[in-house]
Amino acid sequence: MGVIKQISIFMENKPGRMARVAKTLSDADVNIRALTIAEAGDFGVIRMVVDDTEKGYRVLRDGGFTVSETDVLAVEIKDIPGGLYEIVDTLGENDINMDYAYAFVTAKAERAMLILRVDDTKRAAQVLNETGVRIATRVEIQNI
Amino acid sequence: MFKYWNPNIERMPIEDLHKLQEDRLRSVVRFVYAHSDFYRQRFEEVGVVPEDIKELSDITKLPFTTKIDLRNTYPTGMFCLPGDWVVRYHVSSGTTGKPTVVGYTQGDVDMWTDSLARALTSIGLGRGDVIQVGYGYGLFTGGLGLHYGAEKIGATVLPIGAGNTERQIELMQDLGSTAIACTPSYFLHINEVAQKMGVSIRDDTKLKAGIFGAEPWSDETRRRIEEATGIKAYDIYGASEMSGPLFTECHLQNGIHIWADLFLIEAIDPKTGEHVEDGERGELVVTTLDKWAFPLIRYRMGDLTIVNNEPCECGRTHPRIMRILGRTDDMIIVRGINVFPSQVESVLMRIPEVGDNYQIIVDRKGPLDVMTVKVEVTESTFSDKISDLMTLSKMVGKELKNVLNITAEVELVEPGTIPRSMGKAQRVIDNRKV
């Protein structure tokens, strides 16, 4: 149910590193949907959702990057005050902890999406579904 | 499995071996005194003549020689026979100073070959084996030394030399190499490239033994190599001044057998020059007993090791040196504390989350030395969580502190970013201008 894969890349905090990642994906014709960088001094982790996860993962791996795949949820946020509150409150009420989240807006679909990493992905998907929050599927992310 | 190349010599009773050494020591001392101005002058400086050397313990009366002597007498000032006796030269690369030249008579080459024939037989190699020689050929002694030793025991030699890694892997498969000789860091690189090519050394090749040396390496690296590839990893020792690679462990992997009929070894305190107690770490000192174009008297190798005079369970009575713990000139002093790269290596190789390559960088920031250890994050353990990576970095730092007693900064780097080498790996970069 609605769980998608995020690609995470280990990266040294140095000029040009991000460019190598971007070039690798661009050469393989992989499109980035959403991206965030978490940095911790000398190194950081890039997290991204792309249109073709398998291909993205493969080309990065072959390019010599340290990559891993992580389960995340892509949740649609209603474009009204309290849109985010509804989501995080539901998770809190159900005792589900959020590790991190990042948002993006899609021009074509005119929607705001929140990529969510939680400690219990399946249950989070279930409780959000029950409160009427829409969760995007893999195919939707591909076709946005 | 208990195979010997020359059982009479290799299992000779210790008393007989000592008598043989004594005879040969007297001969070589007389020989260098008669044939070399360099040695005669050195002997005169300390007031010793060949007649003073009667038994083995008299060796301490003789002066030490060092690499500096070899450089100062460049090119052939320490040779003891005229050029027409010499059938071959080898020349060291001189990365740490002026190049040094060594020379061999035909008999010296035969001695070298025989030493390796004994060694290779002791790890169970022989006729029917295919030995891939991945040490450099040419002026470096590694390639040609192993080559002759391997041919002598009737094995098939694949003289590929260093480098050309993908070809190494293809030929290893196509020609069924059963053993490879190269530096341990290069073998780890070969394994890395093989994985990328979709080749498993364990399942897709016949490789069963690796003969690794020319740089210090640790038991932890041995375990890592053996677990990753299913081969047995053997330590080999030698130096161009002694001939080249000469000695290996036997199949029991418990110390390197030094052929006592060919070389007389001592372990000394590098500061005082006195013999260390049995079982203590000391600098290896070598006197050649059957080498004539370029003999050595009490040559200080600069390698730190422990000499074990107990006979081995394999039946060989010759002394063993335990793993080389480092070189006196590899040692770095950080904030007044001695650090050997091999200590850092043994800490890192115990930590599975850390890759096979590492580098130590020493800088001076203001009055303080700062040691940074770079390690590669392996894909199998990368979890996407920053906190896991921070924990790993802290854990490595803590382990290093436990063993070295100094704080090291740990830098996690991307795999493949620490330079790989085909020969000796450069593990230490010292940026201090002292």
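**Strands, sheets and helices in a two-chain model**

In chain B, strand β1 (residues 88-91) and strand β2 run antiparallel and are joined by four bridges. The structure described here is a predicted model, and this pair of strands makes a friendly place to start. Within the pair, B:His90 has B:Val102 of β2(B) as its bridge partner. In a regular strand, side chains alternate between the two faces of the sheet. Strand β2 of chain B, which spans residues 101-104, is covered on both faces. On one side B:Val101 and B:Gly103 are buried, and on the other side B:Val102 and B:Tyr104 are buried as well.

Chain A offers a sheet to explore next. Six strands form an open sheet in the order β2-β3-β1-β4-β6-β5, with antiparallel pairing. At its edges stand β2 and β5 (98-106) of chain A, each of which pairs on one side only. From one strand to the next, the twist averages 30°. The edge strand β5(A) is joined by eight bridges to strand β6 (residues 111-118) of chain A, and the two run antiparallel. In this pairing, A:Ala103 stands opposite A:Leu114 of β6(A). A helix also packs on the sheet: α4 of chain A (residues 121-130) touches β1, β4 and β6 of that chain. The direction of α4(A) makes about 10° with that of β4(A).

The two chains also meet each other. In the contact between them, 16 residues of chain A touch 14 residues of chain B. On the chain A side, the elements that give two or more residues are β1 (3-12), β2 (32-40), β3 (43-50) and β4 (66-77). Sorted by class, this side of chain A has eight nonpolar, five polar and three charged residues. From chain B, helix α12 lies across β2 and β3 of chain A. The helix α12(B) runs at about 30° to β2(A).

Chain B has an open sheet too, this one made of four strands in the order β19-β18-β17-β20 with mixed pairing. The edges are taken by β19 (409-413) and β20 (428-430) of chain B; each has a single partner strand, so one side of each is left without a neighbour in the sheet. Direction ignored, neighbouring strands of this sheet are turned by 20° against each other on average. One of the pairings is parallel: five bridges join strand β18 (residues 368-377) of chain B to β19(B). Here B:Val375 finds its bridge partner in B:Leu412 of β19(B). Helix α11 of chain B lies across β17 (354-365), β18 and β20 of chain B, and α11(B) runs at about 135° to β17(B).

The helix α11(B) also has a helical neighbour. Two packed helices are described by the angle between their axes and the distance between the axes. For α11 (residues 341-349) and α12 (residues 386-404) of chain B, the angle is about 135° and the axes are 10 Å apart. The helices α11(B) and α12(B) are therefore oblique to each other. Their crossing is right-handed. On the α11(B) side the residues that meet α12(B) are B:Gln343, B:Val344 and B:Val347, while α12(B) contributes B:Glu399, B:Leu400, B:Val403 and B:Leu404. By class, the residues of this helix contact are five nonpolar, one polar and one charged. Helix α12(B) thus appears in two settings, packing with α11(B) and lying across β2 and β3 of chain A.

How values were computed: Residues numbered from 1 in each chain as written. Chains lettered and ligands numbered in written order. Predicted model: local features only at pLDDT ≥ 70, side-chain atom pairs only at ≥ 80, totals over all residues. Axes fitted to C-alpha atoms, helices over the stretch in contact; angles between N-to-C directions. Parallel < 35°, antiparallel > 145°, perpendicular 65-115°, else oblique. Left-handed = near helix turned anticlockwise from the far one by under 90°. Contact = placed C-beta atoms within 7 Å. Nonpolar A, V, L, I, M, F, W, Y, C, P; charged D, E, K, R; others polar. Buried ≥ 20, exposed ≤ 12 C-beta atoms within 10 Å, placed from the backbone. Pairing = 2+ DSSP bridges.
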